[in-house]
Amino acid sequence: NNTYQIMDEFEKYDGRATFFMLGQNVTYYPNVVKDVYARGHEVATHSFTHSMGIAATGTFSAQEVSDELYNTCDEIYKVTGYDPKYFRPPYGAINDNVLNECGMDIVKWDIDSLDWDNHDPAKMSDIIVKNAKLGYVVVLMHDIHDETVDGVKRALAQLHELGYQFVTIDTLMQYEKEYLTK
């Protein structure tokens with residue numbers, strides 16, 4: 001339900017978002033993934049399980065890292081027919097296994113809304129709006145939290161008033177490549 005509300009909010013401002021998805025959630029909610037893609041939002045990978053072992057603790061082997069990435073891509077492809085181009089590593093952690101096994105572009109973020117920590121829509125939107133700058137900005141938020149929906153609504157309304165546009169990573173990459181780690 002949160003994903004649908006967030007898509008609606010972006011579309012209210014003629015915008016689109018990139019949803020970095022966990023493979024396990026793609027298998028649980030294939031219709032959501034299909035709808036995200038059909039509505040013109042971008043679908044990208046965030047690993048299969050969001051395990052710290054991928055890079056944060058570095059306990060996964062190269063093969064396990066590869067499985068986390070490409071099993072997610074396979075699930076997304078099964079549902080949408082689209083092969084994701086971008087990977088956001090869990091916790092933003094990157095190690096040699098991730099760099100060596102990832103054949104996709106790695107995307108991080110400029111602003112962490114801290115929605116995962118504060119669960120306060122006003123704080124989330126304040127962080128985003130105060131740290132937004134002229135140019136291109138990538139914001140980290142998580143649609144698994146109910147409060148994030150309200151944080152998105154508040155932030156988008158304020159940013160729209162300031163003249164910001166909301167685009168996918170793929171659209172952003174047409175103009176600015178600095179967000180890519182690889």
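A residue is taken as buried when its relative accessible area is under 20%. In the predicted model described here, Val36 has a relative accessibility of 0% and therefore counts as buried. Val36 lies in helix H3. Beyond the neighbours within four places in sequence, Val36 is in contact with Thr3, Met7, Phe19, Met21, His41, Glu42 and Val43. The C-alpha atoms of Val36 and Tyr4 are 8.0 Å apart in space, while the two residues are 32 residues apart in sequence.

Two of the contacts of Val36, Thr3 and Met7, belong to the packing of helix H1 against helix H3. Two packed helices are described by the angle between their axes and the distance between the axes. For H1 (residues 2-12) and H3 (residues 30-38), the angle is about 10° and the axes are 10 Å apart. Angles under 35 degrees count as roughly parallel, and H1 and H3 are therefore roughly parallel to each other. On the H1 side the contact is made by Thr3, Tyr4 and Met7, and on the H3 side by Asn31, Val32, Asp35 and Val36. By residue type, the contact of H1 with H3 comprises four nonpolar residues, two polar residues and one charged residue.

Val36 also takes part in the largest nonpolar core, which has 23 residues. Phe10, Phe19, Met21 and Val36 are the residues with the most contacts inside this core. Two or more residues each come from H1, strand S1 (18-21), H3, helix H4 (62-80) and helix H8 (146-161). The largest contribution to this core is that of H8, with five residues. A second core, separate from the one above, has twelve residues, among them Cys73, Phe87, Val98 and Met104.

Met21, one of the residues with the most contacts inside the largest core, has contacts with several parts of the chain. Apart from neighbours within four places in sequence, Met21 is in contact with Val26, Val33, Val36, Val43, Ala44, Thr45, His46, Ser47 and Thr72. Three residues from the surroundings of Met21 are considered in turn: Val36, described above, and also His46 and Thr72.

His46 is placed in the loop between strand S2 (42-45) and H4. The relative accessibility of His46 is 10%, so this residue counts as buried. A polar atom of the His46 side chain lies 2.6 Å from the backbone oxygen of Arg88. Arg88 is also among the contacts of His46 that remain once neighbours within four places in sequence are set aside; the others are Phe20, Met21, Leu22, Phe87, Pro89 and Pro90. Of these, Phe87 is included in the second core.

Thr72 is found in helix H4. Thr72 counts as buried because its relative accessibility is 0%. The side chain of Thr72 has a polar atom 3.1 Å from the backbone oxygen of Ser47. A polar atom of the same side chain lies 2.9 Å from the backbone oxygen of Glu68. With neighbours within four places in sequence left aside, the contacts of Thr72 are Met21, Leu22, Gly23, Thr45, Ser47, Phe48 and Asp67. Thr72 and Tyr13 are 59 residues apart along the chain, and their C-alpha atoms are separated by 30 Å.

The loop between S2 and H4 also holds His50. His50 is not a glycine, yet its phi is positive, at about 65°. With a relative accessible area of 22%, His50 is partly exposed. A positive phi is also found at Leu114, at about 60°, although Leu114 is not a glycine. Leu114 lies in the loop between strand S5 (111-112) and helix H6. The relative accessibility of Leu114 is 30%, and Leu114 therefore counts as partly exposed.

Asn118 is located in helix H6 (residues 115-118). The side chain of Asn118 reaches the backbone oxygen of Ser113 at 3.4 Å. Not counting residues up to four places away in sequence, Asn118 touches Ser113, Lys123, Met124 and Ile127.

How values were computed:
Residues numbered from 1 in each chain as written. Predicted model: local features only at pLDDT ≥ 70, side-chain atom pairs only at ≥ 80, totals over all residues. Heavy atoms only, no water. Axes fitted to C-alpha atoms, helices over the stretch in contact; angles between N-to-C directions. Helix = DSSP H or I, 4+ residues; strand = E, 2+ residues; numbered from the N terminus. Parallel < 35°, antiparallel > 145°, perpendicular 65-115°, else oblique. Contact = heavy atoms within 4.5 Å. Nonpolar A, V, L, I, M, F, W, Y, C, P; charged D, E, K, R; others polar. Polar contact = N/O pair within 3.5 Å; in protein donor to acceptor, adjacent residues only side chain to side chain. Core = buried A, V, L, I, M, F, W, Y, C linked by side-chain atoms within 4.5 Å. Buried < 20%, exposed > 50% of the residue type's maximum accessible area, 1.4 Å probe, protein only.
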